[in-house]
Amino acid sequence: MISVTEALDNLFALADPLPVETVGLREAAGRVLARSVTATRTQPPFAASSMDGYALKSVEADLHAQFKVIGEAAAGHGWHGKIGPGQCVRIFTGAPVPDGADKVIIQEDVQRTGDVITISDDSDAKSNIRPAGVDFEIGTQMHAPRRLDPGDVALLASMNIAQVPVARAPIVALISTGDELVMPGETPSADQIIASNTYGLAAMLTAIGAAPRILPIARDNRASLTTAFDLSQGADLVITIGGASVGDHDLVAGVAHDLGMEQSFYKVAMRPGKPLMAGRLRGTPMIGLPGNPVSAMVCGTIFVQPMLRAMMGLGQAPAPRAQVPLAAAISANGPREHYMRAIVSEGQVTDAGAQDSSLLSVLSQSNALMVRPPNDPARAAGTMVEIIDIY
Ligand code: AMP
Ligand code: MG
């Protein structure tokens with residue numbers, strides 16, 4: 001058995017970088033910027049008013065001073081004359097500040113009678129003008145790689161970058177295996193259960209910018225598994241779920257091997273998730289996840305997500321960990337690294353209760369995995385432990 005770190009290194013070695021594609025801004029959120037992009041314009045392109053008011057010369061802006069209103073500048077409609085002494089221009093937020101003005105006095109601070117304003121409050125020291133280029137200048141770069149969040153998309157739009165170079169979303173084939181499984185919405189027989197893992201994993205992988213495809217369930221026979229592997233062609237990563245331990249009906253490793261899989265590793269010293277397998281099949285990386293639902297989801301967090309991030313160009317890094325104090329004492333850990341379902345609340349962590357790897361109800365209530373090193377002794381409340389945020 002290898003360690004989690006060794007298994008992850010092996011997965012990184014299998015992680016082929018994805019090609020770059022160009023998408024429109026509407027498709028860019030959640031994708032990974034693959035090449036640095038450069039602003040084609042300066043923002044704002046002109047000194048702009050940040051308030052509704054009157055543009056004038058700041059040296060003249062004394063209490064009770066009067067000005068003649070000689071024009072109007074609105075957003076999208078500048079006033080293109082020059083403001084002289086004793087003059088001002090009615091101005092609105094976003095409008096270019098006319099030549100000759102270096103201050104916008106807000107409308108709340110003046111009294112207007114006809115074309116004449118009188119300053120009624122001179123306590124606002126701000127210019128209320130946004131200088132040209134205060135946000136970004138032509139030539140400013142957004143650096144790759146970077147997962148594009150909604151704020152990034154807004155910035156790219158403002159830079160007038162309508163087409164964005166991103167890593168192609170990795171296509172992940174998800175194959176559930178088992179005679180006992182039916183798809184959600186179907187009617188199981190008395191001996192059957194609903195396939196849940198594929199749906200949980202698909203949701204998890206969609207959330208990080210991958211493109212999962214749920215394939216038909218493979219039955220516990222060689223022909224059905226072979227068909228499933230055939231259907232997975234074209235994927236960037238093939239994931240099987242279940243059938244990976246040593247029972248009579250656990251055929252994934254055998255079938256994959258017969259189809260020519262070069263195995264990278266099998267079995268990892270962790271709990272849950274020990275019967276994890278990986279390799280390369282017909283040129284495509286493949287991961288065999290354990291079937292127990294929580295094991296599959298934990299392995300999705302610990303292995304699949306970091307591997308996909310590496311494929312998308314975000315570098316080779318394990319799932320990020322944080323240190324949090326225990327809210328209550330916990331008992332000693334066994335010989336394998338344990339990823340306990342846990343709840344972080346108000347800066348403290350509690351184990352989520354029963355840790356059997358079939359319990360999706362417990363996983364659903366959890367928001368973290370508490371990582372226990374092998375043979376970690378019992379720990380008192382207040383001890384700092386490592387956690388990994390999940391969804
Ligand atoms: P296996 O690794 O095939 O022996 O499966 C281990 C356990 O996980 C068994 O109880 C299976 O019924 C269950 N299981 C396997 N695959 C899935 C799945 N896709 N959804 C829900 N449960 C599963
Ligand atoms: Mg099975």
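A pocket is an open set of grid points with protein on both sides within 12 Å along at least five of seven lines, and a molecule sits in a pocket if more than half of its atoms lie within 2 Å of the pocket's grid points. In this predicted model, ligand 1 meets that condition in the largest pocket.

The account may begin with the pocket itself. The largest pocket has a volume of about 550 Å³. Its lining is made up of 36 residues, and those nearest the centre are G242, P290, G291, N292 and P293. Three elements give two or more residues to this lining: the strand β17 (193–194), the helix α6 (293–311) and the strand β25 (337–345). Sorted by class, the lining of the largest pocket holds 16 polar residues, twelve nonpolar ones and eight charged ones.

From the pocket the view passes to the ligand that sits there. Around ligand 1 there are 15 residues, of which S176, E180, S196, G243 and G291 come nearest. G291 also belongs to the residues nearest the centre of the largest pocket. The shell around ligand 1 consists of eight polar, five nonpolar and two charged residues.

Individual polar contacts give this shell more detail. The side chain of E180 places a polar atom 2.4 Å from an oxygen atom of ligand 1. The side chain of S176 has an N or O atom 2.8 Å from a nitrogen atom of the ligand. A polar side-chain atom of N197 lies 3.4 Å from a nitrogen atom of ligand 1. On its own, ligand 1 has 480 Å² of accessible area, and the protein covers 78% of it.

A further pocket remains to be described. The second largest pocket contains about 160 Å³ of space. Its lining includes V4, T5, L8, D9 and F12 towards the start of the numbering, together with I302, P318, A319, R321, E337, Y339 and I388. The helix α1 (4–14) and the strand β25 each supply at least two residues of this lining. The largest share, five residues, comes from α1. By class, the lining of the second largest pocket divides into eight nonpolar residues, three charged ones and one polar one.

One element links the two descriptions. The strand β25 gives two or more residues to the lining of the largest pocket, and β25 also supplies at least two residues of the lining of the second largest pocket.

How values were computed. Residues are numbered from 1 along each chain as its sequence is written. Chains are lettered from A and ligands numbered from 1 in the order in which they are written. This is a predicted model: local features need pLDDT of at least 70, side-chain atom pairs count only at pLDDT 80 or more; totals for chains, interfaces and linings use all residues. Side-chain values use heavy atoms; hydrogens and water are left out. A residue is near a molecule or strand if one of its heavy atoms lies within 4 Å of it. A polar contact is a pair of N or O atoms within 3.5 Å; within protein, one must be able to donate a hydrogen and the other to accept it, and residues adjacent in sequence count only if both atoms are side-chain atoms. Accessible areas come from the Shrake-Rupley method with a 1.4 Å probe; for residues, only the protein chains shown count as cover. On a 1 Å grid over the protein atoms alone, a cavity is a set of points where a 1.4 Å probe fits but cannot get out, and a pocket is an open set with protein on both sides within 12 Å along at least five of seven lines; lining residues have an atom within 4 Å of a point. Ala, Val, Leu, Ile, Met, Phe, Trp, Tyr, Cys and Pro count as nonpolar, Asp, Glu, Lys and Arg as charged, and the others, Gly among them, as polar. Grid points are joined across faces, edges and corners, and a volume is the space filled by probe spheres set on the points. Helices (H or I, at least four residues) and strands (E, at least two) are DSSP runs, numbered from the N terminus.
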